[in-house]
Amino acid sequence: MKTKNKVISIFMCLCLTLLSACSQAESPTSGVQTTAGTTENLDNEVDYSGMAENLEEIDESNTIGTGPKYDASKTAGHVHALCYYDLTSSQPELVEILAQRFGGTIDTEIAPTGSAYFDKLGQLVATGDSPDIVRYDWLAYPDGISKNMYTPLDEWLDIDSELWVNEKDVIEAFNYAGKHYYYPSDVNPNFVILYNQAIIDEAGLESPLELYKNNNWTWDTFKDLTRKWADMSDDHIGFTGGSWTGMMFANSTGVKTIDMTGTEIINNFRDANVERAMSYFSDMKKNNLIGEGFVAPGEAFADGNLLFLAMGLTWGYESAQEMFFNNGTLETDKVVALPLPRDPQSDKYYMAADTFGFMIPSGAPNIQGGVSWILSGRIYETDPDTKAADYAKKTDTSPSYYDKCPGCRYDFPGNNNNDLSVCPECSTARKPKYKTTYDDEQMQIIYDMKDGSKFSFVFDNCLGFGSTMDSILTGGEESLFDGPLYYASSYTSILESQYQAIEAIVQPYRDELAKVVG
């Protein structure tokens, strides 16, 4: 499994619980400001001489995906990143591409997560000490962009090129006043539905996987399965998830709770489809079909009482499968990941999606290097050999063992005998260790969920407005997303009490956007 994907899955869950800490001041005109016009004057020159120490020639295909400001005859130089994890150790594949193809190196300045991360970035931008590259995070759009904290990349990358053609709609979804600051390397489902196939079989329930294959995996069939399961025992729980699950079901109607079109910001919390999604959950909770909230995926299916869990794909799938491995039930228990069920009233299969990628801060001294890192990420994700190797690794069912013999500590790889299952010195069987595996069917579903021709991706913008907005949306009985889902609260009642507060948060961003749009 690619290291990057594991990082994504871990941060997926962390972000859902820590997002409220990742805040700037609610007004886009407060806090750290950059100099007016900074985003338009970013051609800081870097001395590239001697930087391609081991690069004999520049790859001619480096022009693929680039715009007029990108000089493919130059090497990337040294790239300085700001992130909350080390890019060199977590994404060695990209480090290799950056070095071998673009003649670049990279280091990471580690910053803590939460508000301190954005505070650090804002300080660096304001004082002229910007890094060359930073991770995209939800608060970057619109909060960070409205503060002139990022560099538009329209003249550095070509949205219509072969490299970005399958991402064009995604890139457009993050445009701000017609400019594009974010070219993600990858798109993934925000949450998936996880379940144990053995539970389905033992209970005699209709297979969700077959429902999905037959285009009948909908809110209705999902709810029907939770009801049948809950009716079998008072201990049975039909479904649980975490904060933001309500948003993702609302997105499956094709509606964003807050939509940024690039020229306006639209508050859709009163949209009939959003209300319908929240009422759907409230009804399920009233009928005792929903649990109490977040359960770690490594524990969710341990007692056999939970039917469905909404969670991030990689972390959720790996944790559940590892639990089966540790319990010795991996031969009988099987975790399955499916997209969230389809809204039966929608014209398409909409999916709340997440992206992975990097942005270049305002004032970055080495834009060429930062863009090269972004190109490296997209090249890695689209390379046929990389995809084939990743598929082979994920579907490899051969056993994995600890290096040392549990009996005599014989070193199998050190003696070039790592393929042995029994110690040649003391005849002790090797101790197996957990290795995530996916079958072909599950891999096809994962590919489906990354395919824009099969799913219409929805990137809700409600997550980009700061901690006060977060506290309105999640966190308790009176929150818009968690209230109906976990407390059977009335969505309409909560909304009426909070609507003006939401508008007060959003309006300054509208005003700031209007200044740029003109």
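**Exercise 1. The loop of Pro 142**

In which loop does Pro 142 lie? Then describe the peptide bond that leads into Pro 142.

*Solution.* The model is predicted.
- Step 1: place the residue. Pro 142 sits in the loop that links β3 (133–135) and α5 (143–146).
- Step 2: read the bond. From Tyr 141 to Pro 142 the peptide is cis, with omega near 10°.
- Step 3: set this against the general rule. Most peptide bonds are trans.

**Exercise 2. A backbone angle at Asn 416**

Find the loop that holds Asn 416, and give the phi of Asn 416.

*Solution.*
- Step 1: Asn 416 belongs to the loop between α15 (384–394) and α16.
- Step 2: its phi is positive, about 55°, although Asn 416 is not a glycine.
- Step 3: again the general rule helps. Most residues other than glycine have a negative phi.

**Exercise 3. The four-stranded sheet**

Work out the strand order of the open sheet of four strands. Which strands stand at its edges? Which helices pack on the sheet?

*Solution.*
- Step 1: the order is β2-β1-β3-β14, and the pairing is mixed.
- Step 2: β2 (104–110) and β14 (358–359) are the edge strands. Each has a single partner strand, so one side of each lacks a neighbour in the sheet.
- Step 3: take one pair. β1 (residues 77–83) and β2 run parallel and are joined by seven bridges. Within β2, Thr 108 is the residue opposite Ala 81.
- Step 4: add the helices. Helix α4 (residues 115–126) packs on the sheet and touches β1, β2 and β3. The direction of α4 makes about 140° with that of β1. Helix α14 (residues 367–382) also packs on the sheet, touching β1, β2, β3 and β14. The direction of α14 makes about 40° with that of β3.

**Exercise 4. The three-stranded sheet**

Do the same for the open sheet of three strands. How are β6 and β13 paired, parallel or antiparallel?

*Solution.*
- Step 1: the order is β6-β13-β15, with mixed pairing.
- Step 2: β6 (186–189) and β15 (456–458) are at the edges. Each has a single partner strand, so one side of each has no neighbour in the sheet.
- Step 3: neighbouring strands of this sheet are turned by 55° against each other on average, direction ignored.
- Step 4: β6 pairs with strand β13 (residues 350–356) in the antiparallel sense, over four bridges. Asn 188 has Asp 354 of β13 as its bridge partner.

**Exercise 5. Two helices side by side**

Classify the packing of α9 and α11, and list the residues in contact.

*Solution.*
- Step 1: helix α9 (residues 219–232) and helix α11 (residues 272–286) have axes that come within 12 Å and cross at roughly 10°.
- Step 2: α9 is therefore roughly parallel to α11, as angles under 35 degrees count as roughly parallel.
- Step 3: α9 contributes Trp 219, Phe 222, Lys 223 and Thr 226 to the contact, and α11 contributes Arg 276, Ala 277, Tyr 280, Asp 283 and Met 284.
- Step 4: sort these residues by class. Five are nonpolar, one is polar and three are charged.

**Exercise 6. A pocket and a cavity**

Which elements supply at least two residues to the lining of the second largest pocket? Which element gives the most to the lining of the second largest cavity?

*Solution.*
- Step 1: start with the pocket. The second largest pocket has a volume of about 510 Å³. It is lined by 28 residues, with Gln 321, Leu 330, Thr 397, Lys 435 and Thr 437 the closest to its centre.
- Step 2: α13 (313–326), β12 (335–339) and α16 (440–449) each supply at least two lining residues. The largest share, four residues, is that of α13.
- Step 3: the pocket lining has twelve nonpolar, nine polar and seven charged residues.
- Step 4: turn to the cavities. The structure holds five of 30 Å³ or more. The second largest cavity encloses about 110 Å³. Of its 16 lining residues, Tyr 136, Trp 138, Phe 459, Asp 460 and Leu 463 are the closest to its centre.
- Step 5: α10 (245–251) and β13 are the elements that give two or more residues to this lining. β13 gives the most, with three residues.
- Step 6: the cavity lining has nine nonpolar, five polar and two charged residues.

Note on methods. Residues are numbered from 1 along each chain as its sequence is written. This is a predicted model: local features need pLDDT of at least 70, side-chain atom pairs count only at pLDDT 80 or more; totals for chains, interfaces and linings use all residues. Side-chain values use heavy atoms; hydrogens and water are left out. Axes are lines fitted to C-alpha atoms, for helices over the stretch in contact, and angles run from 0 to 180 degrees between N-to-C directions. Angles under 35 degrees count as roughly parallel, over 145 as roughly antiparallel, 65 to 115 as roughly perpendicular and the rest as oblique. Contact means heavy atoms within 4.5 Å. Ala, Val, Leu, Ile, Met, Phe, Trp, Tyr, Cys and Pro count as nonpolar, Asp, Glu, Lys and Arg as charged, and the others, Gly among them, as polar. Two strands pair if DSSP finds at least two bridges between them. On a 1 Å grid over the protein atoms alone, a cavity is a set of points where a 1.4 Å probe fits but cannot get out, and a pocket is an open set with protein on both sides within 12 Å along at least five of seven lines; lining residues have an atom within 4 Å of a point. Grid points are joined across faces, edges and corners, and a volume is the space filled by probe spheres set on the points.
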